[in-house]
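Let's take a walk through this model together, one spot at a time. Keep the viewer open and follow along.

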Amino acid sequence: YSGHEPFGVSGFVPGGMVGFLEGWKMEIPDECIAAADFYLSCINAYYFRKMFIDKRYFTACKEGTFKSTGGMSDFRTIETEKADLMLLRESFGQVIVMKKPNPLRKLQHQYEHTLNLPF
């Protein structure tokens with residue numbers, strides 16, 4: 001958290017942290033298994049170009065995406081990660097970029113991706 005940037009208007013919001021205003025009517029395709037948060041962030045950017053992101057709060061998964069219990073961990077597999085990646089790339093193109101390992105973090109699998117909005 002940066003005290004000089006407590007709020008944002010563009011980017012990615014993890015699924016458990018997303019809220020919607022009354023009348024919001026976007027739907028997540030049934031074939032999107034465990035990447036609904038990416039889909040919602042992308043479709044919101046496509047239609048509205050902005051969202052209100054409160055950066056003063058942070059949540060973390062203690063055990064990691066594939067080791068946690070509950071939530072989407074019950075449905076997430078390497079196969080669903082690959083299928084979700086293909087759906088996201090087909091729907092939103094180059095906005096979905098592949099993650100690269102760095103000295104502080106190794107990749108958990110070859111389908112890890114992130115969001116790179118052009119604004």
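Start at His109, which sits in the loop between strand 3 (96–98) and strand 4 (113–115). Keep in mind that this is a predicted model. Is His109 buried or exposed? With a relative accessible area of 8%, His109 falls under the 20% cut-off, so it counts as buried. Now look for Phe48: 61 residues separate His109 and Phe48 along the chain, and their C-alpha atoms are 32 Å apart.

With that pair on screen, zoom out to the whole chain. The protein has 2 helices and 4 strands, and read from the N terminus the order is β-α-β-α-β-β. The radius of gyration is 15 Å, close to the 14 Å that the globule rule gives for 119 residues, so the protein is as compact as a globular protein of that length. Along the principal axes, the C-alpha atoms fill a box of roughly 35 × 35 × 30 Å. As for burial, 32% of the 119 residues count as buried.

One of those buried residues is Leu88, which you'll find in helix 2. Leu88 has a relative accessibility of 0%, so it counts as buried. Which distance separates Leu88 from Tyr39 in space, C-alpha to C-alpha? The answer is 6.8 Å, although the two are 49 residues apart in sequence.

Stay in helix 2 and pick out Lys82. At 41% relative accessibility, Lys82 is partly exposed. Try a distance from here to Arg56: the two residues are 26 apart along the chain, with 32 Å between their C-alpha atoms.

Next come the charged pairs. The count comes to 4 salt bridges, and three of them are worth a stop here. Glu5 pairs with Lys55, and their closest N and O atoms are 3.9 Å apart. Glu5 belongs to the segment before strand 1, while Lys55 is in the loop between strand 2 and helix 2, so this pair ties together parts that are 50 residues apart in sequence. That 3.9 Å falls within the 4 Å cut-off for a salt bridge. Neither end is hidden away: Glu5 is partly exposed at 48% relative accessible area, and Lys55 is partly exposed at 35%.

Right beside Lys55 in the numbering, Arg56 makes a salt bridge of its own with Asp54, and here the closest N and O atoms are 2.6 Å apart. Arg56 is partly exposed, with 40% relative accessibility, and Asp54 is partly exposed too, at 25%. This is the Arg56 you used a moment ago for the 32 Å separation from Lys82.

Another salt bridge joins the side chains of Arg76 and Glu81, at 3.0 Å from N to O. Where do these two stand on burial, buried or exposed? Arg76 is buried, and so is Glu81.

Now turn to the surface. Which residues gather in a patch of negative charge there? They are Glu27, Asp30, Glu31 and Glu90. Take Glu27 as a way in: it lies in the loop between strand 1 (7–8) and helix 1 (36–48). Glu27 has a relative accessible area of 68%, so it counts as exposed. Residues in a patch like this need over 30% relative accessible area, so Glu27 passes that requirement.

There's a nonpolar patch on the surface as well, formed by Ile33, Met72 and Phe75, with about 260 Å² of accessible area together. Met72 sits in the loop between strand 2 (53–54) and helix 2 (78–92). At 34% relative accessible area, Met72 is partly exposed. The cut-off of over 30% applies here too, so Met72 can be part of the patch while counting as partly exposed.

One last stop is for backbone geometry. Find Arg49 in the loop between helix 1 and strand 2. What is special about phi of Arg49? Phi there is near 65°, a positive value in a residue other than glycine.

Definitions and conventions: Residues are numbered from 1 along each chain as its sequence is written. This is a predicted model: local features need pLDDT of at least 70, side-chain atom pairs count only at pLDDT 80 or more; totals for chains, interfaces and linings use all residues. Side-chain values use heavy atoms; hydrogens and water are left out. Patches are made of residues with over 30% relative accessible area and no salt bridge: like charges are joined within 9 Å, nonpolar side chains (Val, Leu, Ile, Met, Phe, Trp, Tyr) within 5 Å. Accessible areas come from the Shrake-Rupley method with a 1.4 Å probe; for residues, only the protein chains shown count as cover. Lys and Arg count as positive and Asp and Glu as negative; His and the chain ends are not counted. The place of a charge is taken as NZ of Lys, CZ of Arg, CG of Asp or CD of Glu. Buried means under 20% relative accessible area, exposed over 50%, partly exposed in between (1.4 Å probe, protein chains only). The radius of gyration is taken over C-alpha atoms; the globule rule is 2.2 Å times the number of residues to the power 0.38.
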